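Reader: I'd like to learn how to read a few features off a model like this. Can you walk me through it?

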Amino acid sequence: MTLFHFGNCFALAYFPYFITYKCSGLSEYNAFWRCVQAGATYLFVQLCKMLFLATFFPTWEGGAGAYDFVGEFMKATVDLADLVGLHLVMSRNAGKGEYKIMVAALGWATAELIMSRCIPLWVGARGIEFDWKYIQMSIDSNISLVHYIATAALVWMFTRYDLPKHYRLPLTFLLGVSIYKAFFMESFVHVFLLGSWTALLVKAVITGLLSFSSLALFVTLVHSN
């Protein structure tokens with residue numbers, strides 16, 4: 001039973017990434033090693049972020065149950081490095097915009113999946129007792145994949161040299177939402193004391209709105225040129 005539960009969680013977490021790779025056409029371009037390079041860039045960026053946070057943002061020693069809104073906001077600002085990393089990955093790949101976006105997003109999201117969820121799923125989902133949190137963790141990995149695809153598309157559009165000026169404001173706003181989404185979610189959960197399923201639903205809705213907005217801008221921009 002425990003192995004069956006682990007298999008369900010593993011399939012729910014990893015198969016959407018495999019399906020995305022196959023159905024997006026990346027397999028036809030032999031883009032596997034490009035995705036691996038994007039994942040390596042993710043690891044380097046996360047290492048730099050960890051060193052920066054450990055140096056300039058030491059652990060907050062507030063009261064039990066207290067939440068440091070200012071400190072967490074400043075820490076979330078460090079996620080600007082993710083945008084820089086995604087831009088570097090896309091700038092090193094030649095091809096259409098869709099290809100660059102998918103390579104960067106899929107490699108980035110897969111690296112995050114392996115580094116942050118592989119061991120917890122392997123250790124926890126094989127436990128004796130069933131726990132819904134591993135199903136939630138697997139669903140959250142799919143939300144992260146959609147989030148990074150939308151973010152990579154926003155970065156690609158924002159860094160175009162021929163970007164019309166009236167696109168700057170909505171793209172800047174959406175990039176800000178993508179950076180501070182985790183901070184907003186943590187603050188929202190802390191203030192309203194949301195349950196785990198409710199928080200996951202809110203995160204999915206916000207990511208969906210961000211993705212549809214990015215898609216609308218992308219389609220409009222591509223067809224206008």
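Author: Sure, and keep in mind that this is a predicted model. Let's start with one span: the end C-alpha atoms of residues 143–159 lie 24 Å apart, and the span is 94% helix and 0% strand.

Reader: Where does that span come from, and which residues does UniProt list for "transmembrane region"?

Author: The unreviewed UniProt entry lists residues 101–123, 143–159, 171–194 and 200–222 under that name. Take residues 101–123 as another case: that span is 100% helix and 0% strand, with its end C-alpha atoms 33 Å apart.

Reader: Now a single residue. Is Asn-142 buried or exposed?

Author: Buried means under 20% relative accessible area. Asn-142 has 18%, so it counts as buried.

Reader: Where does Asn-142 sit, and what is Asn-142 in contact with, leaving aside neighbours within four places in sequence?

Author: Asn-142 belongs to helix H6, residues 132–158. With those sequence neighbours set aside, Asn-142 touches Leu-12, Ala-13, Pro-16 and Tyr-17.

Reader: And how do I go about finding empty space?

Author: You roll a probe the size of a water molecule over the atoms, and that shows where empty space is left. Here, searching the whole structure turns up one cavity of 30 Å³ or more. The largest cavity holds about 50 Å³ of space.

Reader: Which residues line the largest cavity?

Author: The lining is made of Arg-34, Gln-37, Ala-38, Thr-41, Val-89, Arg-92 and Asn-93. Helix H2 (residues 32–56) gives the most, with four residues. By class, you get two nonpolar, three polar and two charged residues.

Note on methods
Residues numbered from 1 in each chain as written. Predicted model: local features only at pLDDT ≥ 70, side-chain atom pairs only at ≥ 80, totals over all residues. Heavy atoms only, no water. Helix = DSSP H or I, 4+ residues; strand = E, 2+ residues; numbered from the N terminus. Buried < 20%, exposed > 50% of the residue type's maximum accessible area, 1.4 Å probe, protein only. Contact = heavy atoms within 4.5 Å. UniProt positions renumbered as here; feature names shortened; annotations may be inferred. 1 Å grid on protein atoms, 1.4 Å probe; cavity = no way out; pocket = protein on both sides within 12 Å on 5 of 7 lines; lining within 4 Å. Points joined across faces, edges and corners; volume = space filled by probe spheres on them. Nonpolar A, V, L, I, M, F, W, Y, C, P; charged D, E, K, R; others polar.
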